[in-house]
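Please take a moment with the sequence and the structure before reading on. The paragraphs that follow lead from one pair of residues out to the sheet, the ligand and the domains.

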Amino acid sequence: MPLKPNIIERFLINRGMVPNLLIDAGMSIFQFWALIGAMEIGLFESLDQEPGDTPALAERLDVSERGLETLINALEPLGYLDYSNGKYSLSTAAERSIPLDLLQDMVPFLKEQMMEYEDVARAIREAPEDGIYGWEGVKSGEVGHSYQVTMRWLASNSVDEVVKKVDLPEEAERMLDIGGSHGLYTVEFCRKYPELEGTVLDWEIGLENAQETLERNPGMRNRIDLIERDFEEEELPSGYDFAFLGNIIHGITPDGNRELFGKLARATTENGMVAILDQFAGNSGSKFARGVAGLLGFNLFLFSGGRSYPFDTVTNWLQDGGFSDVSLEKTRQPGFSLLIARKS
Ligand SMILES: C[S@@+](CC[C@H](N)C(=O)[O-])C[C@H]1O[C@@H](n2cnc3c(N)ncnc32)[C@H](O)[C@@H]1O
């Protein structure tokens, strides 16, 4: 949750009459570490079980009172915690938005990614093809698992809305979830369309995540198959009426995308349809939404050489693959939009 300046503070910030650098290069980073600290010591989970004052919480969490007090002083004004009758509790916004069951597992990826970004100036100077982090870092091990857990959390915020917004043709029988990871989208599409069967395609580590989802949804096991494949290095399986790409195109280069869209054209049936959930660069939308899309794009540039692409660029790639009738719709999550295109 961002710092919330009042109207006078906003006025001063917008006119550069306060040291903005202190807010952007200082406060944002301190906020990141305060959150990581809270996640690592289990503060949110503890408050979810029972509100408490600082001494009681420090004892429960086995941390120093001084450390906890300074952490709480940072998190309360941000809106994560409420304070009443001498006790701290989770705010309603924190209760709604913090994935308590996933927090601990998300930490290794969030931390490691930030450490790697110290080479940012080189990235801007040289624009390395694979960014400065690279996909290898999340293909296995603790960080890979942590990355997948983070993707599960991100998707859980938008899966219901996205699946509601996408209407498949009556006759659609097979869908392909490219880089489908947890497979939450495939499961929800299959729930919405009882005749639909799905394929989640990812690396091994992504499919482990999908397997977890299938274990929680045993009724879907015979309708969803998992294919381990590299969608950049290999051809896609074919015969799909519908393909879904959630947060995929922002993670690959323009050349990689052009190639992927060619494969997508071959993987889909003659009336095939595609839905792309991503962030699109451009001038439309609120400054907040454009900021989210812009910052995520920059993050992906550092991460793997990707970015948020303009709608027109993606439309051209789709048209080259024989898709037309391209539309773009915003989602509830600022900066995230849903593009839909059809072949006929
Ligand atoms: C940003 S996540 C998106 C996950 C999911 N589609 C969503 O929207 O929540 C990207 C996924 O694509 C997978 N991935 C990235 N590059 C890949 C490649 N070349 N081949 C197969 N899977 C890949 C990653 O393992 C990860 O699960």
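**From one residue pair to the whole chain**

In the pairing of β10 with β11, E329 stands opposite L338 in β11, and this pair is a convenient place to begin reading the model, which is a predicted one. Strands β10 and β11 run antiparallel and are joined by five bridges. Between the two strands of this hairpin lie six residues, and G335 takes a positive phi near 95 degrees there.

Strands of a sheet pair through backbone hydrogen bonds, and they may do so in either a parallel or an antiparallel sense. On its other side, β11, which covers residues 337-342, pairs with strand β7 (residues 268-278), again in the antiparallel sense and over six bridges. Within this pairing, M273 has R342 in β11 as its bridge partner.

These strands belong to an open sheet of seven strands, whose order is β5-β4-β3-β6-β7-β11-β10 and whose pairing is mixed. At the edges of the sheet stand β5 (224-228) and β10 (324-330), each of which pairs on one side only. From one strand to the next, the twist averages 15 degrees.

Following the order of the sheet to the edge formed by β5, the reader meets a parallel pairing, in which β4 (residues 197-202) and β5 are linked over five bridges. Here T199 has D225 in β5 as its bridge partner. Helix α12, made of residues 204-216, packs on the sheet and touches both β4 and β5, while its direction makes about 165 degrees with that of β5.

The model also contains a ligand, and 17 residues lie around it, of which A155, G179, S181, G206 and G246 come nearest. Which helix gives the most to this shell around the ligand? That helix is α9, spanning residues 141-156, and its contribution is three residues. When the residues of the shell are sorted by class, seven are nonpolar, seven are polar and three are charged.

Seen along the whole chain, the domain assignment gives domain 1 (7-97), domain 2 (103-148) and domain 3 (156-342). The centres of domain 1 and domain 3, taken over C-alpha atoms, are separated by 35 Å. To return to the starting point with the chain as a whole in mind, the pair of E329 and L338 can be found again within the bounds that the assignment gives for domain 3 (156-342).

Methods: Residues are numbered from 1 along each chain as its sequence is written. This is a predicted model: local features need pLDDT of at least 70, side-chain atom pairs count only at pLDDT 80 or more; totals for chains, interfaces and linings use all residues. Two strands pair if DSSP finds at least two bridges between them. Helices (H or I, at least four residues) and strands (E, at least two) are DSSP runs, numbered from the N terminus. Axes are lines fitted to C-alpha atoms, for helices over the stretch in contact, and angles run from 0 to 180 degrees between N-to-C directions. Two residues are in contact if their C-beta atoms, placed from the backbone, lie within 7 Å. A residue is near a molecule or strand if its C-beta atom, placed from the backbone, lies within 6 Å of it. Ala, Val, Leu, Ile, Met, Phe, Trp, Tyr, Cys and Pro count as nonpolar, Asp, Glu, Lys and Arg as charged, and the others, Gly among them, as polar. Domain bounds come from an automatic or database domain assignment.
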